[in-house]
Amino acid sequence: MTPTRRAALKLLGAGAVAVSTRAWAQAAPPLLMDGHVHAINRVYWEQADLWQDVPDVGWDFKRARSAGVNCVIDNLGTYGYWNYNYTPKQALRLLETANRYAEQHADKMAIATTSAQARQIVASGRMAVFLGSESGWDHEGDLDVLGAFYRLGLRTIQFASQSGYNNFADSALAMSQGGQSPDHFHGITDRGRALVAEMNRLGILIDITHGTETVHKQLIEASRTPVVASHETIRAVSGVGISDETIKALAAKGGLVGIHSSAQVVSKRFRQWMVEHKEQVAAANKDVANMLGYEPSFPRKPGDHGEYVERFDKEFREAWLSRAKWKEIPELVPLIPTADEWAQHVDHVIKLVGADNVAIGLDMAGGRSSVPRNPAGYGEIVAALNRITTPANVKKITGENWFRVLDAAKA
Ligand SMILES: [Zn+2]
């Protein structure tokens, strides 16, 4: 146990209620926060205990904690559940799983809904987990459903979905969903604007990732509070990701960009190989693509009383589990970018707008080469950050910036 951890636990033993905020602050270790991970999806579909050794097909608490991570935003992903009202159902299942899992492991983690809570959890030596939603909470954008999710602990929402366009925003990934137009609405709709206002009022942080460039621009303009791009790369560095113009607009309103870990978006060289070997890459990524783009292979019949969703769950679980069959293409291994190449994205943002507007958002997933290679490697990127900027800036980038935007999300 580290001295800080021992001090924090001693404080807990002395009675958390009596402990002043200053004492907590003194005991708290520095933050190491990743603002975009996917843990609870794995708990739900794989029934995995991510505090134990688990197959190396994505993010887990055990290795991340061993590498010093003490705060995350977990992105509940509804993926295949994007037809009619199955999205809120799946989002609720994942929310319930997150809360139950945190209760079962209350000695190691807790759900946070404010930065003050998160600081207390971190100071007690545990992992603080904020809950976010990616790829849909209700594709119709119902304001009451939104309010209910807020009450249940949801604090960030990725506005544009990966599952094509929804009732309120275009998606940059629409083409991968049966060839939908990425510019169906030319941005966000009136419903989208109503949602922005309600998210601002409630205090739900708006994530612009996976929106089109027009969606990015319109969300930044419409929101009264800072917005984030939680897991992106910098176009000026690797040729894909968020533009300098968007970064400037985002930063002018106090937002941030979290830097992604995937080799194919971090490194030009890696992606070039992929472009030159399209068939080989498509074959290797087939199972992951099938999971993300899953649609039930059968219709829901009138008079159904649960048979449909049972079959739907079974089919999707198979799609989820088969993503673990992914194997690295051997020729690509030497091309995986280094932590210093990852840090070039951070460096670009610092030079463009300053160190207040960049953070960690690795989106580490099974079935994808990434930097670091797995959750045990956070130390590599922290070391790389220390090579490009000051200790004060590293502190912001490794957590304080995320806390600032979470606090500022309420108008
Ligand atoms: Zn994503």
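**Close-up of the bend in helix α18.** In this predicted model, helix α18 bends by about 55 degrees at Ile 397. The helix comprises residues 391-408, and because each residue should contribute 1.5 Å, its 18 residues should span 26 Å, which agrees with the 24 Å that separates its end C-alpha atoms. Ile 397, the site of the bend, is itself one of the buried residues of α18, which also include Lys 396, Thr 398, Gly 399, Trp 402 and Phe 403.

**Close-up of strand β5 and its pairing with β4.** Strand β5, residues 154-158, is mostly covered, with five of its five residues buried. Strand β4, residues 127-134, pairs with β5 in the parallel sense over three bridges, and within this pairing Ser 133 has Ile 157 of β5 as its bridge partner. Between the two strands the chain passes from β4 through helix α7, residues 143-151, to β5, in a β-α-β crossover that is right-handed.

**Close-up of strand β5 and its pairing with β6.** Strand β6, residues 205-207, runs parallel to β5 and is joined to it by three bridges, with Gln 158 standing opposite Asp 207 of β6. Together with helix α8, residues 190-202, strands β5 and β6 make a right-handed β-α-β unit.

**Close-up of residues 1-20, where the pLDDT is below 50.** The chain as a whole averages a pLDDT of 91, and 93% of the residues score at least 70. Over residues 1-20, by contrast, the pLDDT is below 50, although this stretch has 17 contacts in the model beyond near neighbours in sequence. Where pLDDT is low, predicted coordinates should not be read in detail.

Terms used: Residues are numbered from 1 along each chain as its sequence is written. This is a predicted model: local features need pLDDT of at least 70, side-chain atom pairs count only at pLDDT 80 or more; totals for chains, interfaces and linings use all residues. A residue is buried if 20 or more other C-beta atoms lie within 10 Å of its own, exposed if 12 or fewer, and partly exposed in between; C-beta atoms are placed from the backbone. Helices (H or I, at least four residues) and strands (E, at least two) are DSSP runs, numbered from the N terminus. Two strands pair if DSSP finds at least two bridges between them. A crossover is right-handed if, with the strands pointing away from the viewer, the path from the first strand over the helix to the second runs clockwise. pLDDT is the predictor's confidence in each residue, from 0 to 100. Two residues are in contact if their C-beta atoms, placed from the backbone, lie within 7 Å. The expected span of a helix is 1.5 Å times one less than its number of residues. The bend at a residue is the angle between axes fitted to the seven residues ending there and the seven starting there.
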